[in-house]
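Here are three short exercises to work through with the structure open beside you. Try each task before you read its solution.

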Amino acid sequence: MSVDRRSVLRGAAAGAAGVGIATVGSLPTLAEATPVSRGQHSPFPQHKPFPPLLDDPDGVLALPPGFKYRIVTKAGETKLKSGQPTPDSHDGNAVFPGRHGNYLLIQNHEISGDSPLGVPQVPGTVYDTGVGAAGGCTAISIDRNGKNLGEWVAISGTLTNCAGGHTPWGTWMTCEETESKANGTTRLKDHGYVFEVWGDGETAHPVPLKALGRYAHEALAIDEKREHIYLSEDASGPNGTFYRWSGPRGYQLSPRSWKDLQDKDFGTLEALAILGDDGKPIPDVAYLTSAQLLRPFRVAWVKVPDRDATTTSVRKQFTDGQITRGKKFEGVYGTKDGVYVVNSYAKSGTTDLPTDAVPHDGMVWFYNYANKTIQLVTYFPESAAADQGAGARFQDFNFDGPDNVTVTPWGSLILAEDGNASSHVLSAVPGGPTYAIARNMLNDSEFCGPAFTADGKVLFVNMQDPGLTLAITGPWRDYLG
């Protein structure tokens, strides 16, 4: 299915003015991040804002003029190569170069138990036979126009596969967002792990990477030197945090590392502590606001006592004031200079927000590898209209609940919303503006798993309900390049 807006309001963006934006990677220092007056040189590159979104006559996806989408998969309707229907609850994914110039998309399915549209268990891909057709990953071969060339099971027998992260060697690490332990019936094994997924559906290694901990994993990123893995935790009561796994001295991650990472004692797993001016950990990210935008904070990393959570959840092994917690640590994405991590929201009047902290509708952080500091680079203040789920008068300016994040080939960010009001895909500039680049017109389902092809031609994104994979094409370079 394809909808093209090039003929509608052709040239609507022609007069759009350039705006100041910051590049991903080496963020401006505090000295550089000063207001720019007319005639001064901006430290941020200039490019055009996205024009207003145009409603889709088919009622699926509003896009800017000149952009179009194609539905790649639809849960229950498109088919796996085995003839079974595409599983539902699409979530995080990554795109890789495929054969013959095509693309390969590896996709999570966030399903918590045996389901009619769960991921079927295929021999050689199964972790836990007890869970039935539940979570897992599928792989999809897609041509350069977004046409589905075939899809198949890459891993099965897992639970609540939420997001994850790509590896430098072209595989996908899928994250279970659960802490469920074996119960002898519907779960024969413990869950809450990371698994490495190969895209061919034939060389799967469905083994838990226990060195990365057992908790409600959300997403991860591997640093460029292949020495660390950064991981987020989406949990509450108490709130989760951000983690760093480090290998033994001199160890580099590789395609063979899955063998080492099966050992729960391999390397070191640590939790984040953002340090205040007094050198003590700030208890929760919600104590920081847009007033601290781009300010670098020193961090410390606190060792996890029992990363397999034998008797106590990992996050509950830390006392108050020992680490920095946050409501809904979600998307993670790495660059050569650092790693981004998202907090989706912290609502007023909830037990997960400290009474003297500040509610918000979204935060994006950047951890700088070299400086060992973390900066708040995007901040959405709490919005009453968004919290009520009502349609805001200016709905394409009203953002809440950023979740998954990716970095475009040109260095800016793409955020997928999982909020209460209109759901958007957003273009965000660290320290600068945020634009709506797509809006869900079908329902109020979240967007998931934004992933740009390396050539910058296609943005893949999922709509979790009713389970759609969308390929969006258009003049991306004109606005992001």
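A salt bridge is a side-chain nitrogen of Lys or Arg within 4 Å of a carboxyl oxygen of Asp or Glu. Keep in mind that this is a predicted model.

**Exercise 1.** Decide whether D55 and R439 form a salt bridge, and place the two residues in the chain.

*Solution.* Start with the distance: the N to O separation is 3.2 Å, so the pair falls within the 4 Å limit and is a salt bridge. Next, locate the partners: D55 is in the loop between β3 and β4, while R439 belongs to strand β25, 384 residues apart. Then check accessibility: R439 has 6% relative accessibility and counts as buried. Finally, look for shared partners: D55, D396 and R439 are joined into one network of salt bridges.

**Exercise 2.** Classify the ring pair of F50 and Y435 as stacked, tilted or edge-to-face.

*Solution.* The ring centres are 6.5 Å apart and the planes stand at 55°. Stacked needs under 30 degrees and edge-to-face over 60, so F50 and Y435 are tilted. F50 sits in the loop between β3 and β4 and Y435 in strand β25, and both residues are buried.

**Exercise 3.** Now do likewise for F50 and Y479.

*Solution.* Here the centres are 4.9 Å apart with 25° between the planes, and the pair is stacked. Y479 lies in helix α3, 429 residues from F50, and Y479 is buried too. To finish, widen the view: F50, Y435 and Y479 belong to a cluster linked by ring pairs that also includes F67, W410, F452 and W476.

Technical notes:
Residues numbered from 1 in each chain as written. Predicted model: local features only at pLDDT ≥ 70, side-chain atom pairs only at ≥ 80, totals over all residues. Heavy atoms only, no water. Phe/Tyr/Trp six-rings, centres within 6.5 Å; stacked < 30°, edge-to-face > 60°. Helix = DSSP H or I, 4+ residues; strand = E, 2+ residues; numbered from the N terminus. Buried < 20%, exposed > 50% of the residue type's maximum accessible area, 1.4 Å probe, protein only.
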